[in-house]
Amino acid sequence: MLHGIPASPGIVIGKAYVFAKQAPRVEDKSISEDEVANEIDRLQHSIERSEKELQKVLQLTEQKVGSQKAKIFEAQIMILLDVVLFDSIRLRIRKELKSAEYAVHREISKYQQMMMNSSDEYMRERAHDVEDVKNRIIRNIQQEKLISRFEPNSIVVSEILTPADTVLFSRNAVLAYATDMGGTTSHAALLSRSLNIPSVVGLKEVTKLVQAGDTIVVDGYTGNVILHPNEETLIRCKERNEEHEYFETSLKEIRELTAQTLDGKIVQLSCNIEFSEEAENVHTKGSHGIGLYRTEGLFLRTENYPSEEEQYSEYRSIVEKSAPYKVVMRTLDIGGDKVVSNPTNEENPFLGWRGIRVLLDRPEVFLTQLRAMLRASAFGEVWIMLPMISGLKEIRRTKELLERAKKELREKTIPFDENIKIGAMIEIPAAAVIAGDIAQEVDFLSIGTNDLIQYLLAVDRGNEVVAELYQEFHPAVIKTIHHIIKEGHRAGKPVSMCGEMAGDPVALLLLLGLGLDEFSMNPHILPEIKKIIRSVSYSEAEEIARRVLEMKTENDVKDFLKVNLHTMVPDLLLE
Amino acid sequence: MIEKEVTIRNRAGLHTRPAAALVKIAAQFKSEFFIYKDGFEINGKSIIGVMTLAAEQGSSLQLKFEGDDEEQAMQTVVGLFERGFDEM
């Protein structure tokens with residue numbers, strides 16, 4: 001048995017599909033005459049796709065680091081357009097009857113070898129560029145095969161999953177994920193949770209120990225992965241699964257009820273989503289709208305930046321599905337680990353070009369998104385939320401752009417909500433410190449705990465080596481959250497939370513007692529959170545928060561909160 | 001078939017930009033175009049081939065043209081080399 005970090009709940013028994021993500025491996029594979037046309041087709045697709053990818057990278061690089069560095073990609077694109085080169089590759093496929101990737105590998109490696117042998121350092125560097133472009137072509141050829149070769153209803157076992165991989169596999173009925181790396185708040189974990197796919201991350205060597213086709217058990221409640229389970233284990237797993245299902249049914253009964261404490265305090269519960277498909281799921285969980293719609297999903301799915309029309313139709317569909325409740329839309333938050341395409345090779349992407357910084361540097365992308373959001377607001381309540389705000393200047397600049405977008409729509413007599421609300425995510429410690437000033441400038445504040453905690457504690461939440469230092473209940477985190485809520489309320493503005501912490505049952509009493517107005521979380525946890533709120537009293541929660549604010553260590557806080565939660569809600573299934 | 005020897009005159013040699021310019025110009029002609037250097041033969045219409053040559057300033061290359069418009073191709077290409085790829 002292996003033990004990792006439980007990232008998304010559920011127990012699943014199934015066959016493993018081991019997904020290798022390193023440099024593409026190429027086998028010397030022969031093909032038959034009949035397969036030639038197909039192989040040449042695959043080659044062509046891959047060239048086109050590789051070119052599109054590189055054009056995007058090139059464009060971004062030119063804008064961010066100048067044309068000097070962009071030249072690398074220019075040269076790679078030229079290689080993709082080299083007719084002579086691809087004629088000889090096609091000839092190899094036809095004459096030698098070899099697979100497309102093998103022909104690419106053989107032909108391009110020839111040049112690469114010649115460059116490597118050069119005494120000139122410049123030339124040896126070029127060999128790396130050639131290797132890059134070769135790997136890209138091969139990866140793109142294999143990508144197609146990967147999907148077609150993937151057996152539906154498998155458990156994906158992988159070193160690491162990028163958000164793009166996670167989405168890609170989820171379209172092929174994946175049962176569960178088990179990965180070597182990653183922490184509970186890595187984006188693959190977040191995504192698998194929002195897609196309702198059980199997953200365990202941080203297993204360190206699951207890819208080494210599991211062979212393709214092995215039957216394994218992935219327990220997303222405890223973080224256990226069982227290899228070669230015996231009959232008895234399988235039965236026990238099924239029983240535990242049933243227990244959980246039973247509990248879930250009991251939660252369904254309170255679905256339509258308000259999230260109200262025993263002494264009458266009402267809070268808002270809403271959901272975090274990434275795809276329009278999820279908006280339907282949200283209602284069945286009894287959520288009051290969407291507290292965080294991550295627009296990156298749409299950008300991950302499209303090759304280039306989606307057009308205003310594409311964005312508008314996606315946003316409108318979410319707004320319509322969520323009515324009569326509101327949808328809080330976060331403007332594009334590319335960067336950090338959520339990379340659509342980050343060509344600049346930043347040494348420290350989390351402290352680099354991401355969130356509002358990207359948008360303000362690329363006003364045309366920002367304006368397109370703002371117009372699309374405004375247009376969707378004609379069909380239901382939309383709030384706009386800005387990621388990675390560090391000061392007032394960014395908010396004021398955004399408001400100018402928003403006014404410009406509104407003016408453009410007015411001129412075309414396109415309807416939108418004139419009083420659309422705009423809010424700031426508080427996730428950078430600087431913003432937390434000046435939360436009062438920010439609250440004066442916007443309509444609402446939303447605490448993004450995942451980033452706030454990692455910036456406050458200087459811990460990379462995706463880095464398993466230091467993942468244990470990522471502490472939700474660190475006294476500094478609690479005091480900061482307290483400060484943000486207090487400052488927001490002083491300005492008369494509502495304060496919500498859309499990080500993982502908002503859906504943590506253990507944190508609930510504390511956050512409720514600190515006066516948080518809205519909790520936005522992953523849909524699967526919402527019924528449980530509602531059950532807790534309906535079982536406790538606000539005045540007790542306030543007292544608990546007061547006590548917690550005086551505690552000195554995370555362990556003291558955690559133990560205290562757990563004991564209280566168990567006492568107040570005894571029938572909770574806490575793993 | 002015509003053969004002609006040229007010398008790289010621009011300082012940076014046949015790096016990416018000149019290589020691209022050379023391939024682009026060669027592609028305008030029907031004639032086949034090969035470059036020889038140190039025992040290597042490279043198709044002059046292939047960017048990856050020309051990049052592989054690593055021809056630095058001062059080195060000399062043997063050019064070979066073969067086809068209907070070989071004379072014109074030769075003059076245009078040699079002109080490009082003589083102007084140092086307009087980089088001097």
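**Two chains of a predicted model**

Good morning. I begin with one residue: Leu97(A) has 16 other C-beta atoms within 10 Å and is therefore partly exposed. Please bear in mind throughout that the model is a predicted one.

Leu97(A) is not a glycine, and yet its phi is positive, at about 50°. On the structure, you will find Leu97(A) in the loop that runs between helix H3 (83-96) and helix H4 (100-116) of chain A. Most residues other than glycine have a negative phi, and most peptide bonds are trans. With that background, I turn to two further places in the backbone of chain A.

Where is Lys204(A) found? Lys204(A) is in the loop between strand E6 (199-201) and helix H8 (206-209) of chain A. Its phi is near 65°, which is again a positive value in a residue other than glycine. Is Lys204(A) buried or partly exposed? With 14 C-beta neighbours inside 10 Å, Lys204(A) falls in the partly exposed class, because a residue needs 20 or more such neighbours to count as buried and 12 or fewer to count as exposed.

The next place concerns a peptide bond. Between Ala323(A) and Pro324(A) the bond is cis, and omega is about 5°. Pro324(A) is in the loop between helix H12 (308-322) and strand E11 (327-330) of chain A.

Let me now step back to chain A as a whole. Chain A contains 23 helices and 16 strands. Its length is 575 residues, and 45% of them count as buried. Taking the contacts of chain A between residues at least 6 apart in sequence, 68% join residues at least 24 apart.

One residue shows how distant parts of the sequence come together in space. Ser537(A) is in the loop between helix H21 (526-535) and helix H22 (538-548) of chain A. Ser537(A) and Lys265(A) are separated by 272 residues in sequence, but their C-alpha atoms are 8.0 Å apart in space. Which residues does Ser537(A) contact, leaving aside its neighbours within four places in sequence? They are Thr261(A), Leu262(A) and Asp263(A). Ser537(A) is itself partly exposed, with 15 other C-beta atoms within 10 Å.

I move on to the interior. The largest nonpolar core has 90 residues. Which residues have the most contacts inside it? They are Ile290(A), Ile389(A), Ala424(A), Ile426(A), Leu445(A), Leu510(A) and Leu511(A). The element that gives the most to this core is helix H20 of chain A, residues 505-514, with 7 residues.

Ile389(A) deserves a separate word. Beyond its neighbours within four places in sequence, Ile389(A) is in contact with Ile356(A), Glu394(A), Ile395(A), Ala424(A), Met425(A), Ile428(A), Ala431(A) and Ile438(A). Apart from the largest core lies another core of 43 residues, including Leu58(A), Ala100(A), Val104(A) and Val133(A).

Next, a pair of helices in chain A. Helix H14 (residues 363-376) and helix H15 (residues 392-411) pack with their axes 9 Å apart, at an angle of about 60°. H14(A) and H15(A) are therefore oblique to each other, because an angle has to reach 65 degrees to count as roughly perpendicular. Their crossing is right-handed.

On the H14(A) side, the residues that meet H15(A) are Pro363(A), Phe366(A), Leu367(A), Leu370(A), Arg371(A), Leu374(A) and Arg375(A). H15(A) meets them with Leu401(A), Leu402(A), Arg404(A), Ala405(A), Lys406(A), Glu408(A) and Leu409(A). By class, 9 residues in this contact are nonpolar, none is polar and 5 are charged.

I close with chain B. This chain has 88 residues, of which 35% count as buried. It has 3 helices and 4 strands, and read along the sequence they follow the pattern β-α-β-β-α-β-α. Among the contacts in chain B between residues at least 6 apart in sequence, 74% join residues at least 24 apart.

How many residues does each chain bring to the contact between them? Chain A brings 15 residues and chain B brings 12. On the side of chain B that touches chain A, the elements giving two or more residues are helix H1 (16-26) and helix H2 (47-52) of chain B. H2(B) gives the largest share of that side, 5 residues. By class, the same side of chain B has 5 nonpolar, 5 polar and 2 charged residues.

Thank you for your attention.

Key
Residues numbered from 1 in each chain as written. Chains lettered and ligands numbered in written order. Predicted model: local features only at pLDDT ≥ 70, side-chain atom pairs only at ≥ 80, totals over all residues. Contact = placed C-beta atoms within 7 Å. Nonpolar A, V, L, I, M, F, W, Y, C, P; charged D, E, K, R; others polar. Core = buried A, V, L, I, M, F, W, Y, C linked by C-beta atoms within 7 Å. Axes fitted to C-alpha atoms, helices over the stretch in contact; angles between N-to-C directions. Parallel < 35°, antiparallel > 145°, perpendicular 65-115°, else oblique. Left-handed = near helix turned anticlockwise from the far one by under 90°.
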